[in-house]
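Reader: I have a chain on the screen and some questions about how it is held together. Can we go through them one by one?

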Amino acid sequence: QVQLAESGGGLVQAGGSLRISCAASRSIFTMAIMGWYRQAPGKQRELVASIAQFGSTNYADSVKGRFTISRDNAKNTVYLQMNSLKPEDTAVYYCNRIPRAVNWGQGTQVTVSS
């Protein structure tokens, strides 16, 4: 049974775009604030974007203006559209509920080549 399942990562050149998805169990997703996190090698996991149930969003300064978070409440899915990607965006990306995080999924690897 799916709790959190991230997908859509890959290898992209700097300046390119990628959209990643996170499918969540309904019990986690409903009425929850959902967040996208990332963890680069040797670094702590950081929150990059969040979205409330009816669409209000927040972004880390490092991605503001380049990344867009969205959600489809009918599909219990949250998305992260990433544009103008930089090598420093390379990381494993995860989603989770905010607060009361549940067990982390496997994440999806995003690699940006220079």
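Author: What follows is a set of short questions and answers on sheets, salt bridges and two buried polar side chains. The model is predicted.

Reader: In what order do the strands of the six-stranded sheet run?

Author: The sheet is open and its pairing is mixed. Its edge strands are β2 (10-13) and β6, each pairing on one side only. From one strand to the next, the twist averages 25 degrees. The order is β2-β10-β9-β4-β5-β6.

Reader: Which strands stand at the edges of the four-stranded sheet?

Author: This open sheet has antiparallel pairing and the order β1-β3-β8-β7. Its edge strands each have a single partner, so one side of each is left without a neighbour in the sheet. They are β1 and β7.

Reader: Which residue is the bridge partner of Ser21 in β8?

Author: Strand β3 (residues 18-24) pairs with β8 in the antiparallel sense. Six bridges join the two. Opposite Ser21, the partner in β8 is Tyr79.

Reader: In the hairpin of β4 and β5, which residue takes a positive phi?

Author: β4 and β5 (residues 46-51) are antiparallel and share five bridges. Within the pair, Gly35 stands opposite Ser50. Six residues lie between the strands of this hairpin, and the one with a positive phi, near 75 degrees, is Gly42.

Reader: What about the turn between β5 and β6: which residue there has a positive phi?

Author: These strands are antiparallel too, with three bridges. Ile51 stands opposite Thr57 in β6. The hairpin has five residues between its strands, and the phi of about 110 degrees belongs to Gly55.

Reader: How many salt bridges does the whole structure have?

Author: The test is a side-chain nitrogen of Lys or Arg within 4 Å of a carboxyl oxygen of Asp or Glu. Lys64 and Asp61 pass, with their closest N and O atoms 3.2 Å apart. Asp61 counts as exposed, at 67% relative accessibility. A search of the whole structure gives a total of four.

Reader: How far apart in sequence are the parts that Asp89 and Arg38 tie together?

Author: The two form a salt bridge, with the closest N and O atoms 2.9 Å apart. Asp89 lies in the loop between β8 (77-82) and β9 (91-98), while Arg38 is in strand β4 (residues 33-39). The parts they tie together are therefore separated in sequence by 51 residues.

Reader: Are Asp89 and Arg38 buried or exposed?

Author: Buried means under 20% relative accessible area. Asp89 has 1%. Arg38 has 6%. By that cut-off, Asp89 is buried, and Arg38 is also buried.

Reader: Asp89 also meets Arg66; how far apart in sequence are the parts this pair ties together?

Author: Their side chains meet in a salt bridge at 2.8 Å, N to O. Asp89 is in the loop between β8 and β9, and Arg66 is in the loop between β6 (57-59) and β7 (67-72). Both residues are buried. The pair therefore ties together parts whose separation in sequence is 23 residues.

Reader: Which residues are linked in the network of salt bridges?

Author: Asp89 bridges to Arg38. Asp89 also bridges to Arg66. Glu46 belongs to the network as well. The linked residues are Arg38, Glu46, Arg66 and Asp89.

Reader: Glu6 is buried without a salt bridge, so which residue offers its side chain a backbone nitrogen?

Author: Glu6 lies in strand β1 (residues 4-7). The nearest side chain of opposite charge, Arg45, is 8.1 Å away. Contacts of Glu6 beyond its sequence neighbours include Cys22, Trp36 and Cys95. The backbone nitrogen 3.0 Å from a polar atom of its side chain belongs to Gly107.

Reader: And Asn96: which residue has its backbone oxygen 2.9 Å from a polar atom of that side chain?

Author: Asn96 lies in strand β9. Its relative accessibility is 0%, so Asn96 counts as buried. Away from its sequence neighbours, Asn96 is in contact with residues including Leu4, Met34, Tyr37 and Trp104. The backbone oxygen at 2.9 Å is that of Val102.

Methods: Residues numbered from 1 in each chain as written. Predicted model: local features only at pLDDT ≥ 70, side-chain atom pairs only at ≥ 80, totals over all residues. Heavy atoms only, no water. Buried < 20%, exposed > 50% of the residue type's maximum accessible area, 1.4 Å probe, protein only. Lys, Arg positive; Asp, Glu negative; His and termini not counted. Polar contact = N/O pair within 3.5 Å; in protein donor to acceptor, adjacent residues only side chain to side chain. Contact = heavy atoms within 4.5 Å. Pairing = 2+ DSSP bridges. Axes fitted to C-alpha atoms, helices over the stretch in contact; angles between N-to-C directions. Lists of a residue's contacts leave out its neighbours within four places in sequence.
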